[in-house]
Amino acid sequence: MADLTLRNGPGGETVGASFWEQVGGRATFERLVRRFYEGVRDDALLRPMYPEEDLEGAIQRLTGFLEQYWGGPATYSEQRGHPRLRMRHAAFPVGPAARDRWLAHMRAAVDDLGLSPLHHAMLWDYLERAAHAMVNRFDDPGLADASSSTDGE
Ligand code: HEM
């Protein structure tokens with residue numbers, strides 16, 4: 001990264017290098033996602049949602065999506081079309097417990113990358129918000145009592 005040239009745009013923003021480039025491009029995103037799926041592989045709640053034996057397809061899709069989102073090549077959309085992530089997740093029961101398991105594995109993977117504090121904060125902030133936006137049900141086992149206690153208020 002030593003030869004990276006950064007310039008300031010009209011509003012003082014950094015131009016000339018995407019987040020994707022700044023953190024190390026493809027290799028960094030693939031490392032992130034492979035580490036994330038190591039956690040998913042041993043997770044009794046999440047693993048059954050992923051039908052593939054080796055998870056390789058899922059690894060490639062998530063890597064491609066994240067690369068594209070952060071300014072890397074748009075290969076994901078060339079192969080998969082518009083992301084429409086909430087729609088694509090409608091097939092999976094993403095409740096608060098699944099979200100929190102997903103985020104726990106992702107947090108470990110992000111921490112492992114050893115990014116600068118700014119890059120770490122940007123990436124984590126995005127992933128946390130995206131995971132909350134993906135929730136499509138609130139009836140996780142064990143949460144029924146908690147949610148019904150607000151009835152009639
Ligand atoms: C909140 C908990 C989440 C759960 C339980 C979950 C679960 C899943 C599952 C089971 C799949 C199918 C595997 C595959 O075929 O690729 C999938 C796909 C995918 N997920 Fe998630 N996901 C979650 C959050 C997220 C978030 C926050 C993002 C983005 C930042 C994301 C991005 C994707 C992408 C890009 C795909 C592939 C979509 C496609 O092209 O078919 N997921 N997810």
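**Ligand shell and helix packing in a predicted model**

Helix α3 makes the greatest contribution to the shell around the ligand, giving 4 residues. The structure is a predicted model, and the ligand is a friendly place to begin a tour of it. The ligand is surrounded by 20 residues, and the closest are Met49, Ala58, Phe65, Trp102 and Ala130. Helix α3 spans residues 56-69, and it is joined by α5 (85-89), α6 and α7 in supplying at least two residues each to this shell. In character, the shell around the ligand divides into 15 nonpolar residues, 1 polar residue and 4 charged residues.

With the ligand in view, the chain as a whole can be laid out. The secondary structure of the protein chain consists of 8 helices and 2 strands. Along the sequence these elements follow the pattern β-β-α-α-α-α-α-α-α-α. The protein chain has 153 residues, of which 16% are buried. Sequence separation is also informative here: among contacts between residues at least 6 apart in sequence, 68% join residues at least 24 apart.

The packing of helices comes next. Two packed helices are described by the angle between their axes and the distance between the axes. For helix α2 (residues 26-41) and α3, the angle is about 135° and the axes lie 9 Å apart. The two helices α2 and α3 are therefore oblique to each other. The crossing of α2 past α3 is right-handed. On the α2 side, the contact involves Arg26, Phe29, Glu30, Val33, Arg34 and Tyr37, which meet Ala58, Ile59, Leu62, Thr63, Leu66 and Glu67 of α3. By residue class, this contact of α2 with α3 comprises 7 nonpolar, 1 polar and 4 charged residues. Ala58 thus has a place in two parts of this account: it belongs to the contact with α2, and it is listed among the residues closest to the ligand.

Helix α2 also packs against α6. The axes of α2 and α6 come within 8 Å and cross at roughly 145°. This crossing, too, is right-handed. From α2 the contact draws on Leu32, Arg35, Phe36, Gly39 and Val40, and from α6 on His105, Met106, Ala108, Ala109, Val110 and Asp112. The contact of α2 with α6 divides into 7 nonpolar, 2 polar and 2 charged residues.

Helix α6 (residues 96-112) has a further partner in helix α7 (residues 117-133), and the axes of these two come within 10 Å and cross at roughly 165°. An angle over 145 degrees counts as roughly antiparallel, and the crossing angle therefore makes α6 roughly antiparallel to α7. The handedness of the crossing of α6 and α7 is right-handed. Arg99, Trp102, Leu103, Met106 and Val110 form the α6 side of the contact, while α7 brings His120, Leu123, Trp124, Leu127, Glu128, Ala131 and His132. Sorted by class, the contact of α6 with α7 holds 8 nonpolar, 2 polar and 2 charged residues. Some of these α6 residues recur elsewhere: Met106 and Val110 also take part in the contact with α2, and Trp102 is one of the residues closest to the ligand.

A few individual residues round out the picture. His89 lies in helix α5. With 15 other C-beta atoms within 10 Å, His89 is partly exposed. Leaving aside neighbours within four places in sequence, His89 is in contact with Val94, Met134 and Asn136. The pairing with Asn136 spans 47 residues in sequence, yet the C-alpha to C-alpha distance between His89 and Asn136 is 8.1 Å.

The backbone offers two points for closer inspection. Most residues other than glycine have a negative phi, and most peptide bonds are trans. Leu55 has a positive phi, near 65°, in a residue other than glycine. Leu55 is found in the loop between α2 and α3, and it is partly exposed, with 18 other C-beta atoms within 10 Å. Arg84 likewise has a positive phi, of about 40°, although it is not a glycine. Arg84 sits in the loop between α4 (75-80) and α5. Is Arg84 buried or exposed? Arg84 is exposed, because 10 other C-beta atoms lie within 10 Å of its own.

Notes
Residues are numbered from 1 along each chain as its sequence is written. This is a predicted model: local features need pLDDT of at least 70, side-chain atom pairs count only at pLDDT 80 or more; totals for chains, interfaces and linings use all residues. Axes are lines fitted to C-alpha atoms, for helices over the stretch in contact, and angles run from 0 to 180 degrees between N-to-C directions. Angles under 35 degrees count as roughly parallel, over 145 as roughly antiparallel, 65 to 115 as roughly perpendicular and the rest as oblique. A crossing is left-handed if the near helix is turned anticlockwise from the far one by less than a right angle, and right-handed if clockwise. Two residues are in contact if their C-beta atoms, placed from the backbone, lie within 7 Å. Ala, Val, Leu, Ile, Met, Phe, Trp, Tyr, Cys and Pro count as nonpolar, Asp, Glu, Lys and Arg as charged, and the others, Gly among them, as polar. A residue is near a molecule or strand if its C-beta atom, placed from the backbone, lies within 6 Å of it. A residue is buried if 20 or more other C-beta atoms lie within 10 Å of its own, exposed if 12 or fewer, and partly exposed in between; C-beta atoms are placed from the backbone.
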